[in-house]
Amino acid sequence: MSQTPTRADFDHYMVPNYAPQKAVPVRGEGSRLWDQAGREYIDFAGGIAVNGLGHCHPVLVEALTTQANTLWHLSNVFTNEPAMALARSLVERTFADKVYLCSSGGEANEAALKLARRWAHDHHGEHKHRIVSFSQSFHGRTFFTVSVGGQPKYSQGFGPVPGGIVHGQYNDLDSVRNLIDDDTCAVMVEPMQGEGGIIPGKPEFLKGLRDLCDAFDALLIFDEVQTGAGRTGSLYAYQQLGVTPDILTSAKSLGGGFPVGAMLTTDRVAPAMAIGTHGSTYGGNPLASAVALAAVEFIDTPAVLEGVKHRHDLFREHLEAINRRHGVFKEIRGMGLLIGAEMASAYEGRAKDILPLALEEGLMALIAGPNVLRMAPSLVIPDADIDEGMARLERAVARLVAGQ
Ligand SMILES: *Cc1c(COP(=O)(O)O)cnc(C)c1O
């Protein structure tokens, strides 16, 4: 038997692109985790908005193990029942007519961007290739998606970036009016910016994007990788914003922890992705599809979605109470269970300092940029875990305030 790995093995054997925390979690159940030393944590991070049903949810374990004993992988030389069932389920629950399956959010966005370019190419010609996106946006780490994303630090230093991409200001429709024209093939936007700082899109802004896209025959792409799969209290955020995109991408909570992504679109657009235009070895993999199908069917129910709204209120009440006592936040915002607390000016840029303190108190949380504490817990986190997690967060905040 080989020796049990420790955190030091990360530095020895893995490329240094991450800086993981010291603790190494080994087991999870619901919204609790345990590390190698047996320390217990409450999970407000949810694997960065991925563990939508917490850890090892019995419904997902059942779907995974049943499929694991049936059929793992075929490639797209064959189709399979779980992939077709997942696609049908997503079509029946959304605006979409057609679905493309893949394994991550970045891949779903890569497919969306290639589809938009190809659709415009086929219908209008080579000139119509410009993509409008937004400063601070995040769309994944492939070279195309970091280029469309609005955080230059992720695309610099890798050589020439793909051309034809421009960035407007989020929630500023005039900035888009200045960029969009007949050469624009798509506008890509997160209905609420996640990595950019938990910034909800204003309904008038998102509706205005729809109108501009219609006026210039450009496609509206909603990146719902973080906001989707129940995160905001509806299966997808667009369903409560009154704006319907032409293409929507989903991943993260869609698989509840199993790698899966999906791109949804309409019969008007889908034919541009003709045979041979795009593909992925793992896209529509039976294991991933079976888990995602179980997740979608469990999440898209009144019990879970209304539960998200109830838990949102509980999170907000707790955060406001903590803020009344310690005055560390400027604003608490978000939708559903994607919540951000922006630091007050006295604590500017110090959201990340809360994380190690919170871990010491037994709580996992996230940041979204240097100034926003972010929470993206399980959609079914028990109220008691919220209460206990918030007590731990308050102890961490008190230590930050005390300068410890
Ligand atoms: C996380 C995220 C992505 C990237 O997803 P990966 O699975 O890491 O490739 C893309 N868009 C948004 C909005 C995200 O939050």
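User: Why is the pairing of Arg7 with Asp11 called a salt bridge?

Analyst: The term asks for a side-chain nitrogen of Lys or Arg within 4 Å of a carboxyl oxygen of Asp or Glu. In Arg7 and Asp11 the closest N and O atoms are 3.1 Å apart, so the pair passes. Side chains of opposite charge can pair when their charged atoms come close. One caveat up front: this is a predicted model, where local features need pLDDT of at least 70 and side-chain atom pairs count only at pLDDT 80 or more, while totals for chains, interfaces and linings use all residues. Residues are numbered from 1 along each chain as its sequence is written, and side-chain values use heavy atoms, with hydrogens and water left out.

User: How far apart are Arg7 and Asp11 along helix α1?

Analyst: They are four residues apart in α1 (residues 7-13), which means about one helical turn lies between them. Helices here are DSSP runs of H or I with at least four residues, strands are runs of E with at least two, and both are numbered from the N terminus. In total the structure holds 25 salt bridges.

User: How do you know where domain 1 and domain 2 begin and end?

Analyst: The bounds come from an automatic or database domain assignment. Domain 1 is 7-57 + 302-402, and domain 2 is 71-299. Their centres, taken over C-alpha atoms, are 27 Å apart.

User: What makes the two domains count as touching?

Analyst: Contact means heavy atoms within 4.5 Å. By that test 28 residues of domain 1 meet 24 residues of domain 2. The buried area, meaning the accessible area (1.4 Å probe) that two parts lose on being put together, summed over both, is about 2,100 Å², with 66% from carbon and sulfur atoms. On the domain 1 side, Leu305, Met335 and Leu338 supply 30% of the area buried against domain 2, more than any other three residues.

User: How many salt bridges and polar contacts cross the interface of domain 1 and domain 2?

Analyst: The rule finds one salt bridge there. It also finds eight residue pairs in polar contact, both residues at pLDDT 80 or more. A polar contact is a pair of N or O atoms within 3.5 Å; within protein, one must be able to donate a hydrogen and the other to accept it, and residues adjacent in sequence count only if both atoms are side-chain atoms. The elements giving two or more residues to the domain 1 side are α2 (46-49), α11 (302-326), β13 (329-335), β14 (338-343) and β17 (372-375). The largest share, four residues, comes from α11.

User: Why are β4 and β6 called edge strands?

Analyst: Two strands pair if DSSP finds at least two bridges between them. The open seven-stranded sheet runs β4-β12-β11-β10-β7-β5-β6 with mixed pairing. β4 (98-102) and β6 (165-168) each have a single partner strand, so one side of each lacks a neighbour in the sheet.

User: What makes β7 and β10 a pair?

Analyst: Strand β7 (residues 184-189) and strand β10 (residues 219-223) share four bridges in the parallel sense, so they meet the two-bridge minimum. Ala186 stands opposite Leu219 in β10.

User: And how many bridges join β3 and β15?

Analyst: β3 (residues 40-43) and β15 pair in the parallel sense over two bridges, so they satisfy the pairing rule too. Asp43 has Met364 of β15 as its bridge partner. Their open four-stranded sheet has the order β1-β2-β3-β15, with mixed pairing.
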